[in-house]
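Visitor: I'm new to this. Could you show me how to read a structure, one feature at a time?

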Amino acid sequence: AGGALAFMPGPEPVLAGAARFTDLACRDLYARAGATRRGSIPDLLITYDANPVFALPLEARAGLRLADIPCKIAFSSFLDETALEADLVFPLPLGLERLDDIYTPFGSGQVLYNICPPVVEPVYGAAAPFPTEILWQALAALGLEARGVDGQKINAWEDLLAARAARLGADFRSLRRGEPFTAAPRALPPGESLAALASHLRNYASISLTPEAAVGQAGGLALAPLRHPAAGTAVSGIPPYAAATVYESELRETTLRVRVNAATARRLGLKAGQRVRLSAKAGDAGGAGVRSLEARLAVFEGLMDNVVGLPLGYGHTGFDAFSQGRGVNGLDLFSLIPELEPEAPDGRDGLCYLAVRGLELKGVSGV
């Protein structure tokens with residue numbers, strides 16, 4: 001009947017012994033940082049097209065204890081914050097330079113799989129056609145080999161993509177021609193309980209960005225994280241041609257600007273252009289510390305009363321002159337809150353979420 005929920009399944013493992021997508025979703029890096037902080041330090045950390053040194057909240061960055069990990073390898077297109085901390089960096093071809101795939105993007109209403117062939121040859125000397133080629137060479141040096149779930153030997157990245165297409169029932173040659181594979185989502189069984197549904201949702205959304213207002217308290221503030229495409233991402237930095245399109249209401253020269261509407265500014269006794277300090281409690285509900293950042297105030301009527309807009313994506317120390325030293329990293333205000341016990345009964349590290357607690361916005365005297 002109309003209004004029924006549909007379940008979007010994750011991709012099935014292609015390599016023998018590989019973890020399921022739902023299992024990987026439960027072993028998020030936030031929880032891994034907590035385990036590392038407690039002394040469970042891995043011997044090897046490999047990051048692929050990821051920049052956790054910038055994109056994690058403050059205590060999670062410290063919790064990773066990168067200095068204590070004996071070997072850190074980064075696959076990255078740019079010399080970002082994580083690559084700067086790595087012992088070995090492999091240049092990663094950009095998206096238009098490499099053969100890659102995409103599986104059911106978040107928000108898709110149907111199962112979707114497609115192959116993205118390279119459009120141009122790598123402009124600069126990337127390490128290999130794809131990082132997996134390096135991993136396959138490492139396996140061969142160790143006397144090991146990669147095999148699919150059907151036992152077939154997989155020798156290259158393209159073989160892996162073809163095996164994934166076969167698992168889905170898609171035609172690999174059609175995918176290479178740009179014809180996407182689609183399939184209807186699976187309807188939830190009629191008798192499936194809400195608890196089971198919550199379990200599905202938990203697997204696919206193990207981390208939630210939940211800025212918290214001081215509910216029920218007069219004058220409580222809530223935080224609205226703001227992302228502007230010109231600010232790029234954690235793995236791209238601010239693109240050079242986008243630097244000129246960054247809103248002055250977000251960043252003027254090197255100073256970050258936080259936003260409130262006029263009514264909130266009046267209530268707080270603040271004026272546009274004034275230097276302000278935005279602060280929040282550190283850690284979970286029992287945390288006694290306070291962390292803060294300084295910025296200038298911008299008045300913006302696109303926000304509700306008692307909401308502070310905090311631009312994210314700034315404050316880089318890696319990349320290049322277009323990104324370095326521009327503003328501050330707004331994620332420094334966020335705290336990592338465990339949703340489960342640190343050592344969950346099912347062997348997982350425990351799920352976590354991000355929150356901002358006890359938010360305050362005050363003017364900086366004398367400025």
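Guide: Sure. Let's start with contact, which means heavy atoms within 4.5 Å. Keep in mind that this model is predicted.

Visitor: Which residues is valine 149 in contact with, leaving aside its neighbours within four places in sequence?

Guide: Those are Pro13, Val14, Leu15, Ala16 and Arg167. Valine 149 itself lies in the loop between α6 and α7. Look at alanine 18 too: it is 131 residues apart from valine 149 in sequence, and 8.9 Å apart in space, C-alpha to C-alpha.

Visitor: Why is valine 149 called partly exposed?

Guide: Because its relative accessible area is 43%, and partly exposed covers values between 20% and 50%.

Visitor: Now strands. How do they pair in a sheet?

Guide: Strands pair through backbone hydrogen bonds, either parallel or antiparallel. Here, one open sheet has 3 strands in the order β5-β6-β7, with antiparallel pairing. β5 and β7 each have a single partner strand, so they stand at the edges. The twist averages 10 degrees from one strand to the next. Between β5 and β6 there are 4 bridges, and aspartate 100 has cysteine 116 as its bridge partner in β6. Helix α7 lies across β5, β6 and β7.

Visitor: And which faces of β14 are covered?

Guide: In a regular strand the side chains alternate between the two faces of the sheet. For β14, both faces are covered: Val307, Gly309 and Pro311 are buried on one side, Val308 and Leu310 on the other. β14 also runs parallel to β9, joined by 5 bridges; glycine 309 is the bridge partner of alanine 224.

Notes. Residues are numbered from 1 along each chain as its sequence is written. This is a predicted model: local features need pLDDT of at least 70, side-chain atom pairs count only at pLDDT 80 or more; totals for chains, interfaces and linings use all residues. Side-chain values use heavy atoms; hydrogens and water are left out. Buried means under 20% relative accessible area, exposed over 50%, partly exposed in between (1.4 Å probe, protein chains only). Helices (H or I, at least four residues) and strands (E, at least two) are DSSP runs, numbered from the N terminus. Two strands pair if DSSP finds at least two bridges between them. Axes are lines fitted to C-alpha atoms, for helices over the stretch in contact, and angles run from 0 to 180 degrees between N-to-C directions.
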